[in-house]
Amino acid sequence: YHQQKWKLESTALYILISQLLKLTVMNFLLVKNAFMVYHHQKYNYLKFKEINISDDLFLGCDKLEIVIIKSESSLKFSNSIFRGIQSLKKVLIDSPKVLIGEFCFMNCKSLNSISFQNMNEAEFSAQSFSNCESLSDIKIESYSSLRLDKFCFSDSQNLSSVELISESISIGERCFENCNKFTKFSITKSKDVFFEPFCFSGLMN
């Protein structure tokens with residue numbers, strides 16, 4: 001086991017983990033407005049079996065604008081990590097296995113860009129992107145499985161277009177409730193699709 005702490009002030013959080021060797025587990029302790037130095041040579045030997053980012057870790061980070069996390073291993077966001085951060089505008093996640101906890105990005109009202117790359121398994125927990133009123137178009141691709149839990153994107157009132165790409169897709173109860181500008185919804189490359197009740201309740205169109 002190995003632990004490192006970074007305490008650098010920044011308006012962006014950028015975590016890059018790639019081409020890394022032979023370490024079993026890495027646990028992160030980051031502080032507000034944290035910035036991980038991804039390009040420093042002395043960190044190139046590390047390998048991460050799993051990344052867990054703890055509850056409420058960025059509470060009060062009112063200048064955080066960009067979150068970019070790249071990992072060759074699994075990535076887990078616990079509950080409410082970025083909840084209510086009004087300055088957050090862009091999220092990019094690149095990892096084969098992703099779990100986003102409940103309320104993780106809820107009420108991030110400036111968030112207008114979310115991007116997911118190289119996912120094989122993905123689960124977005126309840127209300128993880130609820131009331132993100134600046135979101136308009138989203139594309140989520142996860143090769144093997146994709147689960148959007150209940151109320152996942154509910155009350156994101158400017159959300160108009162959603163594209164889901166996965167072999168197996170499960171959409172939870174009231175996932176897109178009150179997304180009143182919803183005009184386009186597409187599913188591709190899927191063998192199994194499951195819709196729970198009232199996935200699109202409250203839509204005006």
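# Charge pairs, aromatic rings and buried residues

Reader: Which residue forms a salt bridge with Arg174?
Author: The model is predicted. The cut-off for a salt bridge is 4 Å between a side-chain nitrogen of Lys or Arg and a carboxyl oxygen of Asp or Glu. The closest N and O atoms of the pair are 3.8 Å apart, so the pair counts under that cut-off. The partner of Arg174 is Glu173.

Reader: How is Glu173 classed by its relative accessibility, buried, exposed or partly exposed?
Author: Buried requires under 20% and exposed over 50%. Glu173 has 30% relative accessibility. Because that value falls between the two limits, Glu173 counts as partly exposed.

Reader: And what is the class of Arg174?
Author: The relative accessibility of Arg174 is 23%. This is not under the 20% limit for buried residues, nor over the 50% limit for exposed ones. Arg174 therefore counts as partly exposed.

Reader: Which residues do salt bridges that share partners join into one network?
Author: A shared partner is what joins salt bridges here. The network consists of Arg147, Asp149 and Glu196.

Reader: How far apart are the closest N and O atoms of Arg147 and Asp149?
Author: Both Arg147 and Asp149 are buried; for Arg147 the relative accessibility is 18%. The two residues form a salt bridge. Their closest N and O atoms are separated by 3.0 Å.

Reader: How many residues apart are Glu196 and Arg147?
Author: These two residues form a salt bridge, with 3.1 Å between the closest N and O atoms. The bridge links distant parts of the chain: Arg147 is in strand β11, and Glu196 is in the segment after β15. Along the sequence they are 49 residues apart.

Reader: How many salt bridges does a search of the whole structure find?
Author: Among them are Arg147 with Asp149, Glu196 with Arg147 and Glu173 with Arg174. The search of the whole structure covers these and gives a total of four.

Reader: Over which ring does the charged end of Arg174 sit?
Author: Besides its salt bridge with Glu173, Arg174 has an aromatic neighbour. Its charged end is 4.7 Å from the ring centre. The ring is that of Phe198.

Reader: Which ring face does Arg83 lie over?
Author: Arg83 is 4.9 Å from the centre of the ring. That ring belongs to Phe103.

Reader: Why does the pair Phe129 and Phe153 count as stacked?
Author: The whole structure holds 17 aromatic pairs. In this one the ring centres are 5.2 Å apart, and planes under 30 degrees apart count as stacked. The pair links the loop between β10 and β11, where Phe129 lies, to the loop between β11 and β12, where Phe153 lies. The pair is stacked because its planes stand at 10°.

Reader: How is the pair Phe182 and Phe200 classed?
Author: The ring centres are 5.8 Å apart and the planes are at 65°. Phe182 is in the loop between β13 and β14, whereas Phe200 is in the segment after β15, 18 residues apart. Phe182 is buried at 7% relative accessibility, while Phe200 is partly exposed at 30%. Because planes over 60 degrees apart meet the criterion, the pair is edge-to-face.

Reader: Which residues touch the most other members of the largest nonpolar core?
Author: This core has 44 residues, and β11 gives the most to it, with four residues. One of the residues asked for, Phe82, has contacts that include Phe58, Leu64, Val67 and Phe77. Both of the others are buried and form the stacked pair. The three are Phe82, Phe129 and Phe153.

Reader: Which backbone nitrogen does the side chain of Ser142 reach?
Author: Ser142 lies in strand β11 and is buried, with 0% relative accessible area. Its contacts include Met119, Asn120, Ala122 and Ile165. At 3.4 Å, the side chain of Ser142 reaches the backbone nitrogen of Glu121.

Reader: How far apart in space, C-alpha to C-alpha, are Val193 and Ser168?
Author: Val193 is in strand β15 and is partly exposed, at 38% relative accessible area. It touches Ile169 and Ile187, leaving aside residues up to four places away in sequence. Val193 and Ser168 are 25 residues apart in sequence, and in space their C-alpha atoms are separated by 6.0 Å.

Conventions. Residues are numbered from 1 along each chain as its sequence is written. This is a predicted model: local features need pLDDT of at least 70, side-chain atom pairs count only at pLDDT 80 or more; totals for chains, interfaces and linings use all residues. Side-chain values use heavy atoms; hydrogens and water are left out. Helices (H or I, at least four residues) and strands (E, at least two) are DSSP runs, numbered from the N terminus. Buried means under 20% relative accessible area, exposed over 50%, partly exposed in between (1.4 Å probe, protein chains only). A polar contact is a pair of N or O atoms within 3.5 Å; within protein, one must be able to donate a hydrogen and the other to accept it, and residues adjacent in sequence count only if both atoms are side-chain atoms. Contact means heavy atoms within 4.5 Å. Rings of Phe, Tyr and Trp (its six-membered ring) pair if their centres lie within 6.5 Å; planes under 30 degrees apart count as stacked, over 60 as edge-to-face and the rest as tilted. A charge sits over a ring if NZ of Lys or CZ of Arg is within 6 Å of the ring centre and within 35 degrees of the ring normal. A nonpolar core is a set of buried Ala, Val, Leu, Ile, Met, Phe, Trp, Tyr and Cys residues joined through side-chain atoms within 4.5 Å.
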